Amino acid sequence: MAHAQLAEIPKMVPQPLTVLNDEEQMFANSVREFAEAEVRPYVREMDEQQKMKPEIIQKCFELGLMGIEPGDEYGGSGGTFFMACLAIEELARVDASLSVCVDVNNTLTINAFLNYGTEALRKKYITRLCTDTVGAYCLSEAGSGSDAFALQTRAEDKGDHYLLNGRKMWITNGNEAGIFIVFATLDPSKGYRGITAFVVERGYEGFTVGKKEDKLGIRASSTCELLFDNCVVPKANVLGEVGKGYKIAIETLNEGRIGIGAQMVGLAQGAYECALAYTKERKQFGQRIADYQGVQFQIAEMATKIEAARLLVYNAARLKDAKQPFIQQAAMAKLFASEVAEQVASLAVNLYGGYGYVKDYPVEKYYRDCKIGQIYEGTSNMQKQTIAKMLIAD
């Protein structure tokens with residue numbers, strides 16, 4: 001193929017990261033090295049096959065990336081939420097699909113157990129989530145997306161257990177997960193106050209994983225429907241208080257949005273690096289296209305927007321770790337980072353020209369992968385609504 005050398009992804013170059021201490025910098029570097037050496041070679045294959053390689057997920061467990069915050073008592077790495085965001089960012093720079101798998105395990109599933117689980121549930125499930133079992137967070141339904149509390153999945157108290165009936169949609173990690181946090185309504189007459197969170201294991205009677213969605217982007221990440229037909233759930237598997245599932249859902253998603261922001265920053269960084277390398281190699285009219293001022297301005301704009309998005313994400317993550325209010329900052333970070341990812345990926349395709357539109361070159365995938373950032377874990381419009389409400393309330 002003509003210009004085949006330009007299809008190559010740029011070699012790993014140390015990237016100065018913003019406001020990191022030595023431990024964080026070393027951690028980010030180690031994740032980047034893993035992503036380059038052991039994930040990058042399989043990104044295209046996984047995208048085409050729409051399946052994550054199990055050995056890569058297993059390696060994430062071995063490296064402690066699936067349980068970054070929990071301590072040794074749960075088999076975790078004893079890190080911080082900020083470090084989880086660094087891992088998500090570095091993985092997304094190479095593959096957004098693997099990044100969201102790690103993200104959901106850390107910022108949604110494990111955090112829900114850390115914040116609301118009894119010690120018995122923590123010991124039983126966080127240990128597995130850190131060491132060998134993928135988790136999933138199951139809130140959305142066909143008629144319950146942005147209106148998260150319009151869910152129809154029902155739970156019935158049968159004395160020594162609960163029965164769950166209904167269907168969940170758009171569940172990340174559906175095919176890989178063995179542990180599912182499922183939101184269902186015990187008493188529809190109470191509205192959102194009737195919602196309770198349940199822990200369901202793969203293999204429970206009455207529970208099956210249904211259709212896997214055929215998606216535009218993050219194709220290696222499984223997005224599935226879940227079916228509950230008189231699914232038997234032990235009484236001990238209520239997460240948090242009965243009727244307080246809405247609180248778990250809201251507060252966990254507030255944290256998860258920072259993780260999605262980190263994913264979008266990493267994705268944008270990856271697209272930018274590819275575009276920058278290409279402009280230095282591609283020649284038109286006798287000179288590199290990087291030497292044209294119009295191209296230079298676009299590169300400068302990409303880099304500036306990525307850095308601004310990164311600072312928003314890092315600030316929100318720092319606030320969360322410091323136990324300071326962060327909801328507004330999380331919404332801003334996700335909103336802006338997802339928009340930047342789309343803008344940068346689109347510019348990267350433009351800079352590649354016709355080559356950017358074919359699968360032989362990397363930016364086509366970044367462009368497909370970025371769109372989901374404006375949709376899942378709260379659409380951009382929902383983030384704007386959150387930000388506006390908090391500003392007006394002041």
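Start by selecting strand 2, residues 154-157, together with strand 3, residues 161-172. In this predicted model, the two strands pair in the antiparallel sense over 4 bridges. Click on Asp-157 and look across: Tyr-162 in strand 3 stands opposite. Now follow the chain through the turn. Strands 2 and 3 form a hairpin, with 3 residues between them. Pick out Gly-159 in that turn, where phi is positive, at about 95°.

Keep strand 3 on screen and add strand 7, residues 223-234. This is another antiparallel pairing, running over 9 bridges. To find your way, select Thr-172 and then its bridge partner in strand 7, Thr-223.

Next stop, the largest pocket. Strand 3 comes along, as one of the elements that each supply at least two lining residues. The others to colour are helix 5 (96-116), strand 1 (134-138), helix 7 (245-281) and helix 11 (380-393). Which helix gives the most to the lining of the largest pocket? That's helix 7, with 6 residues.

The pocket itself has a volume of about 1,200 Å³. It is lined by 44 residues, and to get to the middle you can select Ser-140, Gly-145, Tyr-376, Glu-377 and Gly-378, the closest to its centre. Colour the lining by class and you should get 22 nonpolar, 13 polar and 9 charged residues.

For the last stop, show helix 4 (residues 81-94) and helix 8 (residues 293-321). Their axes lie 8 Å apart, and the helices pack at an angle of about 150°. Angles over 145 degrees count as roughly antiparallel, so that is how helix 4 and helix 8 are arranged. Want to see where they touch? On helix 4, select Phe-81, Phe-82, Cys-85, Leu-86 and Glu-89. On helix 8, select Arg-310, Tyr-314, Ala-317, Arg-318, Lys-320 and Asp-321. Sorted by class, this contact has 6 nonpolar and 5 charged residues, and no polar ones.

Definitions and conventions:
Residues numbered from 1 in each chain as written. Predicted model: local features only at pLDDT ≥ 70, side-chain atom pairs only at ≥ 80, totals over all residues. Heavy atoms only, no water. 1 Å grid on protein atoms, 1.4 Å probe; cavity = no way out; pocket = protein on both sides within 12 Å on 5 of 7 lines; lining within 4 Å. Points joined across faces, edges and corners; volume = space filled by probe spheres on them. Nonpolar A, V, L, I, M, F, W, Y, C, P; charged D, E, K, R; others polar. Axes fitted to C-alpha atoms, helices over the stretch in contact; angles between N-to-C directions. Parallel < 35°, antiparallel > 145°, perpendicular 65-115°, else oblique. Contact = heavy atoms within 4.5 Å. Pairing = 2+ DSSP bridges.
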